[in-house]
Amino acid sequence: MKILTPRSYAWLVYAILWGMVWAYPALTALIEGARAGTAFSWDSVLRAWAGILPFFLLFLLHRLPVRCLFMRHRMRVYVLSVLGMLCLFGLCRYFSGVKAPRVSPVQEHRLPPHRLPHDGKPVPDRDGAGRKGDTADGGPVFSASRPSRPAGHGPAPGGMLNPLLLDLVIATLMLGFDLAISLFSRYQEEQEKARRLEAAHLRHELEHLKAQVNPHFFMNMLNNIHGMVEMDPAKAQVMIMELSKLMRYVLYEGAQQRTLLYKETDFIASYVELMRKRYSSRKVRISLELPEDNRERVILPPLLFISIIENAFKHGISYQSPSFVEIRLYMEKETLRLDCVNSIHRRPGKESGTGGVGLANLRQRLQLLYGNGFRLDITEKDEIYHVNLTIPCEYETDTMHSR
């Protein structure tokens, strides 16, 4: 389903509001006709629509300075244009309200006389009293009622606002509401743009960290094979062939955002098997435990655990003294956990324990991928180095993560 943009939402709000305004006169006439038992009359509806039309045209005209002036920070020109539109609107409303000319008191006395009705009784004027006079034929004369003032002229009865002033107030509030919706729509667009820029920045940063993992991994592997060339050339050739398989995974699967768990575990198993061929001494104990269930459904970022495992072999193996590396990857309560324990051997002139670029990049990458949703604990005690990494389980059917 396509998500509407902030601008589309704004136009949807406009359509709903104006639809309600245009539909109100027709619904009112329909309800009143149903109550009175009369037929539906379009006369009142058309008169109401004629009164709404100037406001609607003012709204459409206001869209142009909002987009071309206000959104481009030309405030003074925008304010002047709005004031000009309101003045033009007021003039149009003023002259459209003049349906009959104003009648002066002198003209009022010159109006044609009105005779008595057939019953002979005087007809009261607007003030409730009839005034008698003589005509040329001797009949009584009654003065005509003063015509009502047209809309937009003179003070309104009862101390109410002048209709023209009320129209200007309504028009000003309408333009202010229109400007508020435009500002909110612009704010939403800016927020969406900022989110896209942040996502692109995080993606580029992740790609940069992944690009650092590949050369670091190959450098360590070549150093391992280099040590076997003179001692056992045949085994070194086998290790080079197995390294080519690992390189294929790093080049193809490492470029993906997510990979299946079984592919990652096969890669880890191949790497550990390669290390077993290098460290074949009886003094070195290597154990590996990988999950067997749900490996075809769980997905995770590729090459996420290799930095920890590399660091364990780099700092935990020694030919002179007993050494061990224990790797356990398992699932527990919708989380994926890696426990990597290795021995520590002090080397003169070098700091033991923590790794260098690999673990530092791993922590940054986890922070970008999961925020506070991961846990990375590193402890060193009694010549034993222990790394525990916990990340949330993601499944292939989860549409929030694209591969």
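**Entry 1: a loop with a positive phi**

I started at E383, which sits in the loop between β6 (375-381) and β7 (384-392). I take helices (H or I, at least four residues) and strands (E, at least two) as DSSP runs, numbered from the N terminus. The model is a predicted one, where local features need pLDDT of at least 70 and side-chain atom pairs count only at pLDDT 80 or more, while totals for chains, interfaces and linings use all residues. Residues are numbered from 1 along each chain as its sequence is written, and side-chain values use heavy atoms, with hydrogens and water left out.

The phi of E383 is positive, about 60°, although E383 is not a glycine. Is E383 buried, partly exposed or exposed? With 42% relative accessibility, E383 counts as partly exposed. My cut-offs are under 20% relative accessible area for buried and over 50% for exposed, with partly exposed in between (1.4 Å probe, protein chains only).

I then looked up L303, another non-glycine residue with a positive phi, here about 55°. L303 belongs to the loop between β3 (298-300) and α8 (306-316). Its relative accessible area is 6%, so L303 is buried.

**Entry 2: the chain as a whole**

I counted nine helices and eight strands in the protein chain. The chain has 403 residues, and 35% of them count as buried. Its exposed surface comes to about 25700 Å², with 61% supplied by carbon and sulfur atoms; the areas come from the Shrake-Rupley method with a 1.4 Å probe, and for residues only the protein chains shown count as cover.

I also checked how far along the sequence the contacts (heavy atoms within 4.5 Å) reach. Of those between residues at least 6 apart in sequence, 70% join residues at least 24 apart.

**Entry 3: α1 against α2**

Two packed helices are described by the angle between their axes and the distance between the axes. I use lines fitted to C-alpha atoms as axes, for helices over the stretch in contact, with angles from 0 to 180 degrees between N-to-C directions.

How do α1 and α2 run, roughly parallel or antiparallel? The axes of α1 (residues 6-36) and α2 cross at roughly 165° and come within 8 Å. The two helices are therefore roughly antiparallel; angles under 35 degrees count as roughly parallel, over 145 as roughly antiparallel, 65 to 115 as roughly perpendicular and the rest as oblique. On the α1 side I found R7, W11, Y14, W18, V21, W22, P25, A26 and A29, meeting S44, V45, A48, W49, I52, L53, F55, F56, F59, R63 and R67 of α2. By class this contact has 16 nonpolar residues, one polar and three charged. Here Ala, Val, Leu, Ile, Met, Phe, Trp, Tyr, Cys and Pro are nonpolar, Asp, Glu, Lys and Arg are charged, and the others, Gly among them, are polar.

**Entry 4: α2 against α3**

Next I followed α2 (residues 42-68) to α3 (residues 75-96), where the angle is about 165° and the axes lie 11 Å apart. That makes these two roughly antiparallel. From α2, the residues G51, P54, F55, L58, L61, H62, P65 and V66 meet Y78, S81, V82, M85, L86, F89 and R93 in α3. I tallied 11 nonpolar, three polar and one charged residue in this contact.

**Entry 5: S182 in α5**

S182 is in helix α5 (residues 163-231). Its relative accessibility is 6%, so S182 counts as buried. Which residues does S182 touch, leaving aside neighbours within four places in sequence? I found Y14, R63, V66 and M71. Of these, Y14 and R63 also take part in the contact of α1 with α2, and V66 in that of α2 with α3.

G227 is in α5 too, and it is partly exposed at 30% relative accessibility. G227 and R278 are 51 residues apart in sequence, with their C-alpha atoms 8.5 Å apart.

**Entry 6: α7, α8 and L290**

My last helix pair was α7 (residues 261-278) and α8, with an angle of about 10° and axes 11 Å apart. These helices are therefore roughly parallel. F267, I268, Y271, V272 and M275 of α7 meet I306, I309, E310 and F313 of α8. The classes are eight nonpolar, no polar and one charged.

Finally I looked at L290, in the loop between β2 (284-289) and β3. Not counting residues up to four places away in sequence, L290 touches T265, I268, A269 and L329. The C-alpha atoms of L290 and Y262 are 9.4 Å apart, for a separation of 28 residues along the chain.
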